[in-house]
Structure formats: C-alpha cells, structure tokens
Amino acid sequence: GHYMVFTLDRATKNAVLQDAKGIWYTQSNPNGKDGYTRVWLLCELKVSPVLPTFIVDYAARKAMPRATTWLPTVVEQYMQKWKQFMDV
C-alpha cells in the first residue's frame, strides 16, 4: 500500500491540541476483494494536561471515528471522475 505522514502545523497555536502526528495508509484488495481499498488512519495526539481525562476519552471515542466519515463520499466522487476521464 501507500502512505502519507502528517504532523500538526507548529505555526498554529492551539490551547487544547498540543501535538498531532500520524499516517494515512491504504491497503489494496483487502481480504482479496478486487476493486476495493481499505484506508487506515493511525495517529497520536497530545492534548493539554489541564483537560480532564473523561473529556479526552470522550473525544477519542467520538471524534476519532468521525475523522474518516468524509472519505468514502470524496473517494467515490473522484473515482467517478476518473472513470469518465478514462472513457474519453
């Protein structure tokens, strides 16, 4: 597969999120399914120590899964454009 590394922009000041880094990784043909790609998001976040643990845990449970909800729609739109381009 392919991957892309990301980090938090150090020029941006954020009182809550102090550091972020991770990778997007793509896995072609997961479980032998031709025409499918699985996308993995692996990340590490460092938040302000003044945040209560229950808030950090809640954000990890709710916000992190939502970080990829936009992906299928966007990828499917690009695939349709790609198919149209290839048919020309």
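Student: Which elements each supply at least two residues of the lining of the largest pocket?

Tutor: Those are β3 (37-47) and α2. Keep in mind as we go that this is a predicted model. As a general idea, rolling a probe the size of a water molecule over the atoms shows where empty space is left. Here, the largest pocket comes to a volume of about 420 Å³. The most generous contributor to its lining is α2, with five residues.

Student: Which residues line the largest pocket?

Tutor: You can pick them out in the viewer: Thr 26, Gly 35, Tyr 36, Thr 37, Val 39, Thr 68, Leu 71, Pro 72, Val 75, Glu 76 and Met 79. Sorted by class, that lining holds six nonpolar, four polar and one charged residues.

Student: What volume does the second largest pocket have, and which residues line it?

Tutor: Its volume is about 230 Å³. Around the second largest pocket you will find Val 16, Leu 17, Cys 43, Leu 45, Val 47, Leu 51, Ile 55, Val 56, Ala 59, Ala 60, Ala 63 and Met 64. Two elements, β3 and α1 (53-66), give two or more residues to this lining. Of these, α1 gives the most, with six residues.

Student: How many residues of that lining are nonpolar, polar and charged?

Tutor: Twelve are nonpolar, with no polar and no charged residues in the lining of the second largest pocket.

Student: Let's turn to the surface. Which residues make the nonpolar surface patch?

Tutor: Val 75, Met 79, Trp 82, Phe 85 and Met 86 make it, and the patch covers about 540 Å². Val 75 and Met 79 may ring a bell, as both are among the residues lining the largest pocket.

Student: Where is Met 86 found, and is it buried, partly exposed or exposed?

Tutor: Met 86 sits in helix α2, which spans residues 71-87. Its relative accessible area is 48%, so Met 86 counts as partly exposed. A residue qualifies for a patch only with over 30% relative accessible area, and Met 86, at 48%, therefore passes that cut-off.

Student: Now for charges. How many salt bridges does the count come to?

Tutor: The general idea first: side chains of opposite charge can pair when their charged atoms come close. In this model the count comes to one salt bridge. Arg 10 forms it with Asp 19, and the closest N and O atoms are 3.1 Å apart. The cut-off for a salt bridge is within 4 Å, so the Arg 10 and Asp 19 pair, at 3.1 Å, qualifies.

Student: Is Arg 10 buried or exposed?

Tutor: Arg 10 is exposed, because its relative accessible area is 59% and the class begins at over 50%.

Note on methods:
Residues numbered from 1 in each chain as written. Predicted model: local features only at pLDDT ≥ 70, side-chain atom pairs only at ≥ 80, totals over all residues. Heavy atoms only, no water. Patch = residues over 30% accessible without salt bridge, like charges linked within 9 Å, V, L, I, M, F, W, Y side chains within 5 Å. Areas by Shrake-Rupley, 256 points an atom, 1.4 Å probe, with all protein chains shown as cover. Salt bridge = Lys/Arg side-chain N within 4 Å of Asp/Glu carboxyl O. Helix = DSSP H or I, 4+ residues; strand = E, 2+ residues; numbered from the N terminus. Buried < 20%, exposed > 50% of the residue type's maximum accessible area, 1.4 Å probe, protein only. 1 Å grid on protein atoms, 1.4 Å probe; cavity = no way out; pocket = protein on both sides within 12 Å on 5 of 7 lines; lining within 4 Å. Points joined across faces, edges and corners; volume = space filled by probe spheres on them. Nonpolar A, V, L, I, M, F, W, Y, C, P; charged D, E, K, R; others polar.
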